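Subject: Structure handover

Hello,

Here is the structure for you to load. Please open it next to this message and read the two together.

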Amino acid sequence: MYQREDVNVGKLLKRLPKSVRDKVLADSFLDDCWSIFKKFDTFSKEKLEGQMLWKALLAALPESYRKAILSNQYGWSLQQDSVFAFTGCGRDGEAAVTFIKFPEYVRFTLALIMHKYSANAKVLDCKMALKPQEADHSKRKTKVVASLGPASWSEEMIPKMIEAGTDIFRLNCSHRRGGDFERVYPLIRKYSRMLGRRVEVLGDLQGPKFRVAELAGEPVPLVEGEIFEFGICKDDNDHIRPGRITMKSTVEQLALVRAAKVGIDLLIEDGLMKVNVIEKLSDTELKVKVIRGGKLKARKGVNVPDVEIDCAALTEKDIEDAEYLLQLEPPVEYICVSFAQKAQDLQELIDIM
């Protein structure tokens with residue numbers, strides 16, 4: 001990862017084309033950046049992060065650079081390089097930029113482009129990231145793992161993926177239904193033999209699922225600072241609505257709410273939204289405060305990274321899937337446990353093996 005001190009902003013900005021350099025270094029550039037920042041700071045937090053920061057950055061960059069980035073799809077790679085280096089927060093910190101610092105961040109990103117690609121916007125090209133392809137896959141030290149699913153597990157696609165360099169096919173046990181694995185697994189072994197390539201198979205167990213329940217109506221806006229009830233559904237009609245977030249009553253989800261303590265964070269939809277537990281009412285009911293808002297939709301995932309949840313890593317479905325993977329001929333080379341919290345969780349799978 002780039003360090004902020006690696007990028008000599010003043011020196012690098014001098015290499016910009018004169019028309020761009022004059023605009024970026026002018027005092028009016030600060031007002032332009034702050035105006036753009038306010039447009040995307042919809043909750044008036046005076047800081048931006050994630051997608052809104054990325055949109056604001058693109059809007060503030062000179063047009064030629066914005067078009068070059070978008071046309072070559074640097075996307076999140078460039079933003080992550082710039083925001084983590086600029087804030088110095090590390091991958092686990094808060095990658096946010098404040099209102100006051102935003103113009104400096106835009107200038108830093110331009111300098112990073114010059115530093116990273118040693119080029120101006122007119123010659124930025126995605127080919128810069130490509131090296132000549134090595135056709136001899138045996139020289140590679142790293143194995144390529146490719147996930148198979150409904151879009152890729154046809155008899156036509158599997159040999160193409162092997163020829164492209166796949167070493168391990170990942171089978172997602174969430175998709176094990178309707179005889180698909182029974183059809184796909186022999187195809188992998190068949191084309192591995194026909195093409196003379198050693199191709200292995202990884203079975204990825206689904207693990208326990210933690211998801212919010214259904215919606216009572218439209219998606220519910222979570223606004224930073226608001227207080228919500230968060231609990232297990234009291235009946236079949238206890239759906240998500242303004243002021244209340246629910247989860248269906250399953251063994252795993254009851255264990256999650258029971259394990260939650262005051263002060264811990266609940267991450268929703270892969271961390272796009274975050275709430276903090278401010279009061280524990282019972283083993284099935286919490287009060288939470290919205291830390292990072294968004295629009296909450298039905299059946300979005302919930303994660304509690306700071307809590308050990310007292311439930312088995314393997315569900316009944318996982319045990320059934322593991323037994324199936326092991327009875328295949330030949331058996332799969334790898335089985336992944338999706339929700340391992342402690343050594344005993346792995347021992348459960350070892351006992352099956």
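Below is what was found, taken in turn: cores, sheets, helix packing and salt bridges.

One thing before the details: this is a predicted model.

**Nonpolar cores**

The largest nonpolar core has 37 residues. Phe102, Tyr105 and Val106 have the most contacts inside it. Seven elements each supply at least two residues of this core: helix 1 (9-13), helix 2 (18-25), helix 3 (28-40), helix 4 (50-60), helix 5 (63-72), helix 6 (75-87) and helix 7 (102-117). Which helix gives the most to this core? Helix 7 does, with nine residues. There is also a second, separate core of 33 residues. Leu256, Val275, Val288 and Ile309 are among its members.

**Helix 3 against helix 4**

These two helices pack at an angle of about 145°, and their axes are 9 Å apart. The crossing is right-handed. On the helix 3 side, the contact uses Phe29, Cys33, Ile36 and Phe40. They meet Met52, Lys55, Ala56, Ala59 and Ala60 in helix 4.

**The four-strand sheet**

This sheet is open, with strand order 3-4-5-14 and parallel pairing. Strand 3 (145-148) and strand 14 are at the edges. Each has a single partner strand, so one side of each has no neighbour in the sheet. From one strand to the next, the twist averages 25°.

Strand 4 and strand 5 run parallel and are joined by five bridges. Within that pairing, isoleucine 168 has glutamate 200 in strand 5 as its bridge partner. Helix 9 packs on the sheet and touches strand 3, strand 4 and strand 5. The direction of helix 9 makes about 175° with that of strand 4.

**The six-strand sheet**

The second sheet is also open. Its order is 8-7-11-10-9-13, and its pairing is mixed. Here the edges are strand 8 and strand 13. Each of these has a single partner strand, so one side of each is left without a neighbour in the sheet.

Strand 7 (residues 227-232) has strand 11 on one side and strand 8 on the other. Five bridges join strand 7 to strand 11 (residues 285-292), and that pair runs antiparallel. Isoleucine 227 stands opposite lysine 289 in strand 11. Four bridges join strand 7 to strand 8 (residues 244-247), and that pair runs parallel. Glutamate 229 has arginine 244 as its bridge partner in strand 8. Phenylalanine 230 has isoleucine 245.

Helix 10 lies across strand 7, strand 8, strand 10, strand 11 and strand 13. It runs at about 135° to strand 7. Which residues of helix 10 (residues 251-259) are buried? Glu252, Gln253, Ala255, Leu256, Val257 and Ala259 are. The cover over these buried residues includes strand 7, strand 8, strand 10 (273-280), strand 11 and strand 13 (302-303). Leu256 also belongs to the second core.

**Salt bridges**

How many salt bridges does the structure hold? It holds 21. Three pairs and one network are picked out here.

Arginine 170 pairs with aspartate 204, with the closest N and O atoms 2.8 Å apart. This pair links distant parts of the chain, 34 residues apart. Arginine 170 is in strand 4 (residues 168-172), and aspartate 204 is in strand 5 (residues 200-204). Aspartate 204 has a relative accessible area of 13%, so it counts as buried.

Glutamate 333 and arginine 189 meet in a salt bridge at 3.1 Å, N to O. They are 144 residues apart. Glutamate 333 is in the loop between helix 11 (316-327) and strand 14 (334-336), whereas arginine 189 is in helix 9 (residues 180-194). Glutamate 333 is partly exposed, at 32% relative accessible area. Arginine 189 is buried, at 9%.

Lysine 342 and aspartate 345 form another salt bridge, at 3.4 Å, N to O. Lysine 342 is partly exposed, with a relative accessible area of 33%. Aspartate 345 is buried, at 1% relative accessibility.

Finally, the network: salt bridges link Glu229, Asp238, Arg241, Arg244 and Glu285. Two of these names appeared above, since glutamate 229 and arginine 244 are bridge partners across strand 7 and strand 8.

Best regards

Note on methods. Residues are numbered from 1 along each chain as its sequence is written. This is a predicted model: local features need pLDDT of at least 70, side-chain atom pairs count only at pLDDT 80 or more; totals for chains, interfaces and linings use all residues. Side-chain values use heavy atoms; hydrogens and water are left out. A salt bridge is a side-chain nitrogen of Lys or Arg within 4 Å of a carboxyl oxygen of Asp or Glu. Buried means under 20% relative accessible area, exposed over 50%, partly exposed in between (1.4 Å probe, protein chains only). A nonpolar core is a set of buried Ala, Val, Leu, Ile, Met, Phe, Trp, Tyr and Cys residues joined through side-chain atoms within 4.5 Å. Two strands pair if DSSP finds at least two bridges between them. Axes are lines fitted to C-alpha atoms, for helices over the stretch in contact, and angles run from 0 to 180 degrees between N-to-C directions. A crossing is left-handed if the near helix is turned anticlockwise from the far one by less than a right angle, and right-handed if clockwise. Contact means heavy atoms within 4.5 Å.
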